[in-house]
Amino acid sequence: MRFLIRLVFHVLGNAVALYVAAALIEGFSVSGDLMTLAVLGAILTALNMVIRPIVKFFLGPFIVLTFGLFIIVVNALMLWLLDFMSANLTIQGYLPLLLATLLVGLVNIAFALVGKAVGVRRCPIHEPAPPRANHRFRAARRPDPHPRTLIRPFRHLRRRCGRRF
């Protein structure tokens with residue numbers, strides 16, 4: 001259930017980001033109604049969940065060399081793919097693409113901060129694994145399985161060499 005809530009939250013955030021970008025940036029336009037905007041947000045969410053990690057893996061050295069600034073290029077590539085896949089989105093030139101990329105990123109950051117305050121976490125695929133228990137220390141604190149009334153094996157060795165068996 002939490003996965004669906006997070007997924008709807010991301011789709012809504014991307015749809016609002018596309019709407020804001022279409023309203024503020026000349027050369028970036030979305031034709032259609034709210035349903036079209038929701039479908040575009042869903043497609044952008046799917047691109048960000050499936051294709052973006054693969055692109056980031058292959059362009060990882062460039063991301064490291066530019067101290068993470070190449071992520072803007074990866075995000076611009078996702079918007080360009082959305083423009084290529086959908087007839088309802090039109091991006092006319094590189095400058096509107098770059099500005100829309102930055103604006104979509106800022107709106108998504110704002111939605112992430114609101115989602116963190118509400119309790120909706122990051123993208124479900126990129127969610128960190130829960131911490132593992134440290135089993136080395138748990139074995140040392142395990143209670144003795146033998147009650148004191150039973151005779152323990154190797155009792156004589158424990159007295160001689162000081163080791164516990």
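This text leads through a predicted model, from its overall fold to its core and then to selected residues.

The chain contains seven helices and two strands. Their order along the sequence is α-β-α-α-α-β-α-α-α. Of its 165 residues, 27% count as buried. Among contacts with a separation of 6 or more, 66% join residues 24 or more positions apart. The chain exposes about 12,200 Å², and carbon and sulfur atoms supply 68% of that area.

Three helices may be taken in turn, beginning with α1. This helix, residues 2-24, is made of 23 residues and reaches 33 Å from its first C-alpha to its last, close to the 33 Å expected at 1.5 Å a residue. Its buried residues are Arg6, Phe9, Val11, Gly13, Asn14, Ala15, Ala17, Leu18 and Ala21. The list thus holds Arg6 and Asn14 as well as Phe9, Val11 and Leu18. The cover over the buried residues of α1 includes strand β1 (28-30) together with α2, α4 and α5.

Helix α4, residues 71-85, has 15 residues and a reach of 21 Å between its first and last C-alpha, close to the 21 Å expected at 1.5 Å a residue. Ile71, Val74, Ala76, Met78, Leu79, Leu81 and Leu82 are its buried residues. These pack against α1, α2 (34-58), α3 (60-65), β2 (89-91) and α5 (94-118).

Helix α5 has 25 residues and reaches 36 Å from first to last C-alpha, close to the 36 Å expected at 1.5 Å a residue. In α5 the buried residues are Pro96, Leu97, Ala100, Thr101, Leu103, Val104, Val107 and Gly115. What covers them includes the helices α1, α2 and α4 and the strands β1 and β2. Helices α1 and α4 are therefore both among the elements that cover the buried residues of α5, where contact means heavy atoms within 4.5 Å.

The packing of these elements leads to the nonpolar core. In soluble globular proteins, nonpolar side chains tend to be buried together. The largest nonpolar core in this model has 24 residues, and those with the most contacts inside it are Leu18, Ala21, Phe28, Leu44, Leu79, Leu82 and Val104. At least two residues of this core come from each of α1, α2, α4, β2 and α5. Helix α4 gives the most, with six residues. One of the residues with the most contacts inside the core, Leu44, touches Asn14, Leu18, Met78, Leu79, Leu82 and Val104, when residues up to four places away in sequence are not counted. Of these partners, Asn14 and Leu18 are buried residues of α1, Met78, Leu79 and Leu82 are buried residues of α4, and Val104 is a buried residue of α5.

Helix α4 also contributes to the surface. Trp80 lies in this helix and, with Leu77, Phe84 and Met85, makes a nonpolar surface patch of about 450 Å². Trp80 is classed as partly exposed because its relative accessible area is 43%.

The region around α3 and the start of α4 merits a closer look. Ile63 lies in helix α3 and counts as buried because its relative accessible area is 14%, below the 20% limit. Leaving aside residues up to four places away in sequence, Ile63 touches Lys56, Gly68, Phe70 and Ile71. Ile63 and Val74 are 11 residues apart in sequence, and their C-alpha atoms are 9.3 Å apart in space. Pro53, in helix α2, is 21 residues from Val74 in sequence and 9.7 Å from Val74 in space, C-alpha to C-alpha. Pro53 is partly exposed because its relative accessible area is 28%. In the loop between α3 and α4 lies Phe67, whose phi is near 55 degrees, a positive value in a residue other than glycine. With a relative accessibility of 79%, Phe67 counts as exposed.

A final pair links distant parts of the sequence. Ala112 is found in helix α5, whereas Phe9 is one of the buried residues of α1. The two are 103 residues apart along the chain, and 9.2 Å separates their C-alpha atoms. Ala112 counts as partly exposed, since its relative accessibility is 44%.

Key: Residues numbered from 1 in each chain as written. Predicted model: local features only at pLDDT ≥ 70, side-chain atom pairs only at ≥ 80, totals over all residues. Heavy atoms only, no water. Helix = DSSP H or I, 4+ residues; strand = E, 2+ residues; numbered from the N terminus. Expected span 1.5 Å × (residues − 1). Buried < 20%, exposed > 50% of the residue type's maximum accessible area, 1.4 Å probe, protein only. Patch = residues over 30% accessible without salt bridge, like charges linked within 9 Å, V, L, I, M, F, W, Y side chains within 5 Å. Areas by Shrake-Rupley, 256 points an atom, 1.4 Å probe, with all protein chains shown as cover. Salt bridge = Lys/Arg side-chain N within 4 Å of Asp/Glu carboxyl O. Core = buried A, V, L, I, M, F, W, Y, C linked by side-chain atoms within 4.5 Å.
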